[in-house]
Amino acid sequence: MSRIFISHSSRDTESIDFFNKIFSTLKVSAIYEEYDQQEGRHISNQKIKDDIESSCALFVLLDEQIEDLKHTRDWIAWETGVAKGLNKKVFVFEKTKDTGKLGIVIPHLDHFIVYDPNNYNWRNYLKPIIQSFDNTSTVTTVALSSAAGAALAEDKWTGGLIGLGIGLFLANGNKDKTFGESVQCFKCRLTYFIHVSPGQLFRCPSCNQMYQQRF
């Protein structure tokens, strides 16, 4: 069975519960490991590196509590660096309610998803993305989109993004695969895929430049 490594804080039970419900319906498993100095959890960095290497991708679950956990924050940054060094896809998840509250910088990522764990349609949106890593399927989608890149507008609050279509997807519970829109931050020049609802404010997770999804 394919596995996805989950970089997280054990205190973020909301996100863990949300993703566990998705994984429980798929043939892809989640690996949860955390080095938490305050809680006395000591997992070797080699063990974590080995588990990341044996995984298909790395999911980073950001949460407001992580801002106050410097060691966890630094460990997450290390895990993303390891994943990119191993050519693993890195997905960064941030809750809509945390918009404007987080300043955690993730310099290595492929996808940035601003989601609402209380919106059931987000489960339907994320299922095909996670399922695409199922290596038991006849066809496995690992590229996760072939959309052309769009530059984010050089404006503090708004970014001109081309047809993401996620709003219609979430509103109708559409089960078609929608794997984000390729964009480039005008400030740090990082190119990645975004998954953001229309009108949603969001930040570039690499440099904290703020944007707003127009469509």
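**Briefing: helix 3, its surroundings and the aromatic residues**

The buried residues of helix 3 are covered by elements that include strand 1 (2-7), helix 2 (45-53), strand 3 (57-61) and strand 4 (89-95). The structure is a predicted model. The points below treat helix 3, the loop that follows it, a second loop residue and the aromatic rings.

**Helix 3**

- Helix 3 comprises 16 residues, running from 70 to 85.
- At 1.5 Å a residue, a span of 22 Å is expected for helix 3, and the computed distance between its end C-alpha atoms, 23 Å, agrees with this.
- The buried residues of helix 3 are Thr72, Trp75, Ile76, Glu79, Thr80, Val82 and Ala83.
- Viewed down the helix axis, these buried residues fall within an arc of 160 degrees, and therefore they line one face of helix 3.
- On the face turned away from this buried side, helix 3 carries the exposed residues Lys70 and Gly85.

**The loop after helix 3**

- Asparagine 87 is found just after helix 3, in the loop that leads from helix 3 to strand 4.
- Strand 4 is also among the elements that cover the buried residues of helix 3.
- The phi angle of asparagine 87 is near 60 degrees, which is a positive value in a residue other than glycine.
- Most residues other than glycine have a negative phi.
- Asparagine 87 counts as exposed because its relative accessibility is 71%, and exposed residues are those over 50%.

**A second positive phi**

- Arginine 189 has a phi near 70 degrees, again a positive value in a residue other than glycine.
- Arginine 189 lies in the loop between strand 7 (181-184) and strand 8 (191-195).

**Aromatic rings**

- The whole structure contains 14 aromatic pairs.
- One of these pairs joins phenylalanine 18 and phenylalanine 19, with ring centres 5.1 Å apart and 90 degrees between the planes, an edge-to-face arrangement.
- A pair of aromatic rings is described by two values, the distance of the centres and the angle of the planes.
- Phenylalanine 18 has a relative accessibility of 3% and therefore counts as buried, since the limit for a buried residue is under 20%.
- Phenylalanine 19, at 0% relative accessibility, likewise counts as buried.
- Both phenylalanines belong to one aromatic cluster, formed by Phe18, Phe19, Phe23, Phe59, Phe91, Phe93, Tyr115 and Phe133.

Conventions: Residues numbered from 1 in each chain as written. Predicted model: local features only at pLDDT ≥ 70, side-chain atom pairs only at ≥ 80, totals over all residues. Heavy atoms only, no water. Helix = DSSP H or I, 4+ residues; strand = E, 2+ residues; numbered from the N terminus. Expected span 1.5 Å × (residues − 1). Buried < 20%, exposed > 50% of the residue type's maximum accessible area, 1.4 Å probe, protein only. Arc of directions from axis to C-beta. Contact = heavy atoms within 4.5 Å. Phe/Tyr/Trp six-rings, centres within 6.5 Å; stacked < 30°, edge-to-face > 60°.
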